[in-house]
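Q: I am new to this structure and would like a close look at a single part, followed by how the rest is built. Please take the shorter stretches of backbone slowly and keep the account plain.

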Amino acid sequence: MDEATDQTRPNVWLREFQAILQGAVGGFLFGIPSLYTVEVWSIGEATTPRWLLLVLTVTLVGVGLLTQVEGFRQTLSLHPLEAFLETIEAVAIGTVCATLALVLLCRITLDTPLSEALGKVVFETVPFSLGVALARSTLQGNRGRDRRTTAPISRRLSSFSRVNLRDALVDFDAALIGAVLIAFSIAPTEEVPLLASSLPPLWLLLILAASLGLSYAIVFASGFADRAERRQRGLLFSPITETLVAYLVALLASVVMLVLFQQLNPSDPWSEWLSDVLVLGLPASIGGAAGRILI
Amino acid sequence: MESPNYPDGPPDSATHNESQDRLTQRSAAEWVTFTVAALILLGLVGLIFFDWQTNQNRPPAFAVAVSEAVRVTDGRYYVPFAITNTGGRIARMVQVTAELDIAGVDEETGEQQIDFLSGHETKAGSFVFTHDPQVGDLVVRVASYRLP
């Protein structure tokens, strides 16, 4: 036992260091667009601690779901507890990277008040942590295509719901990731309500049609994607169904992002919700389609 | 899947066994990562709670300090000022106005809007007048602000 440990020790530490480094690089790839978005900082500055905790919780849940099928370590089979631990690690790596980047760009200096610094760090942590959780598949191209499997916690949980959840995650995590990657740095900007408020009536239908059409065209009509390979990976929906469901995923992601950035709140009229979400849904669905091809 | 680089040659059987036993065993390195990561996140959450407790119950309040060191360039008088939010919560669109009243001359005014002023944050700027502010009566005050 001791002999074995001695032999593996350098590998274990080096491998761990490599995994963390890969996670950090993935975080930067994902986090840079929103790092250069003024609104993310200013919304972060003005956000109350209670809301920051909510954002952090949503990030943990999102990264937790991603870790079920992705992750920054090479491990392909994972105990649920390990997935939980890796979630914590991914968010922490994201936090550290986001903080370093903000310091590098002088968005956080010694003069920055604590509440401002916390707000900026928490909001920038969201894309950085998602990037960390995706590091394995984004940085390794084809080799990273294999999805993870998590061993069930117990027999009871291994039944229907868990398996279904995993399948759905495998099918739509790429769409969700692409949507978040593109739309996360758009959601906080003033352009969304500006565009939404200047649209003529019924124009939203055109935007909806364009979102669906572009999403369909990118994935299925362009011939980028190898259908056989996609089918092998478990994408068994018909093209139309997949486009529709991916669009709903993009819209859902848009709602969550707009609410997290406090662009929408319950006191806003429902028509504003509708138009903002559909306007952000356009870039989100394009991102989702690109994600389904690339990831 | 194996790690891409093995400086000590291909993984030996011990490594292989270890990865088979992963359900129960994480490597020491992974535990170190987890410990540090958990500490970082707990620290972050702790700081957010600390901020919540110390700052959020105190509404914005302002202190404006006008510097005595007036600079004169091309016949204009530059009066530096610094505004501090002495409260805890952030204020937006803080409007600072300056009124210079000199007997026998029209009143001169200056306005400055500050986008964000967090609790305990200080921001500085200058008002520019065409008359010497030290001769007259200069009043600098915060006129209004918005809550985020």
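A: In chain B, which has 148 residues, buried residues make up 20%. This is a predicted model, and what follows describes that prediction. Chain B has two helices and seven strands. Along the sequence these follow the pattern α-α-β-β-β-β-β-β-β, with both helices ahead of the strands. Of the contacts in chain B with a separation of 6 or more, 67% are between residues 24 or more positions apart.

The part to look at closely is a sheet in chain B. Three strands of chain B form this open sheet, in the order β5-β4-β7, with antiparallel pairing. Its edge strands are β5 (108-117) and β7 (137-146) of chain B, and each of them pairs on one side only. On average, neighbouring strands of the sheet are turned by 20 degrees against each other, direction ignored. Strands of a sheet pair through backbone hydrogen bonds, in a parallel or an antiparallel way.

Start with strand β4 of chain B, residues 91-101. Eight bridges join β4(B) to β7(B), and these two strands run antiparallel. One position can be used to find this pairing in the view: Val96(B) has Val142(B) in β7(B) as its bridge partner. The pairing of β4(B) with β5(B) is also antiparallel and has nine bridges. Here Ala98(B) can serve as the marker, with Gly110(B) of β5(B) as its bridge partner.

β4(B) and β5(B) form a hairpin with six residues between the strands. In this hairpin, Gly104(B) takes a positive phi near 85 degrees. Two other residues of chain B have a positive phi although they are not glycines. Met93(B) has a phi of about 50 degrees, and this residue is in strand β4 of chain B. Is Met93(B) buried, exposed or partly exposed, and why? Met93(B) is partly exposed, because 14 other C-beta atoms lie within 10 Å. His120(B), with a positive phi of about 65 degrees, is also not a glycine. The place of His120(B) is the loop between β5 and β6 (122-129) of chain B. His120(B) has 16 C-beta neighbours inside 10 Å and therefore counts as partly exposed.

Now the other chain, for context. Chain A has twelve helices and two strands, in the pattern α-α-α-β-α-α-α-β-α-α-α-α-α-α along the sequence. Chain A has 295 residues, and 48% of them count as buried. Of the contacts in chain A between residues at least 6 apart in sequence, 88% join residues at least 24 apart.

The largest nonpolar core has 87 residues, and Ala179(A) and Ala183(A) have the most contacts inside it. Helix α4 of chain A (residues 80-104) supplies the largest share of this core, eleven residues. A second, separate core has six residues, among them Val79(B), Leu100(B), Phe127(B) and Leu138(B). Returning to Ala179(A), and leaving aside neighbours within four places in sequence, this residue is in contact with Val249(A), Ala250(A), Ala253(A), Ala284(A), Ser285(A), Gly287(A), Gly288(A) and Gly291(A).

One helix pair in chain A can be followed in some detail. The axes of helix α9 (residues 203-221) and helix α12 (residues 270-294) of chain A come within 8 Å and cross at roughly 5 degrees. At that angle α9(A) is roughly parallel to α12(A), because angles under 35 degrees count as roughly parallel. From α9(A), the residues making the contact include Leu204(A), Ile207(A), Leu208(A), Ser211(A) and Leu214(A). On the side of α12(A) they include Leu278(A), Val279(A), Leu282(A), Ser285(A) and Arg292(A). By class, this contact has 14 nonpolar, six polar and one charged residues.

In the loop between α8 (191-197) and α9 of chain A lies Ser198(A). Ser198(A) is exposed, because 9 other C-beta atoms lie within 10 Å. From Ser198(A) to Phe84(A) the distance is 44 Å, C-alpha to C-alpha, and the two are 114 residues apart in sequence.

Notes: Residues numbered from 1 in each chain as written. Chains lettered and ligands numbered in written order. Predicted model: local features only at pLDDT ≥ 70, side-chain atom pairs only at ≥ 80, totals over all residues. Core = buried A, V, L, I, M, F, W, Y, C linked by C-beta atoms within 7 Å. Buried ≥ 20, exposed ≤ 12 C-beta atoms within 10 Å, placed from the backbone. Helix = DSSP H or I, 4+ residues; strand = E, 2+ residues; numbered from the N terminus. Contact = placed C-beta atoms within 7 Å. Pairing = 2+ DSSP bridges. Axes fitted to C-alpha atoms, helices over the stretch in contact; angles between N-to-C directions. Parallel < 35°, antiparallel > 145°, perpendicular 65-115°, else oblique. Nonpolar A, V, L, I, M, F, W, Y, C, P; charged D, E, K, R; others polar.
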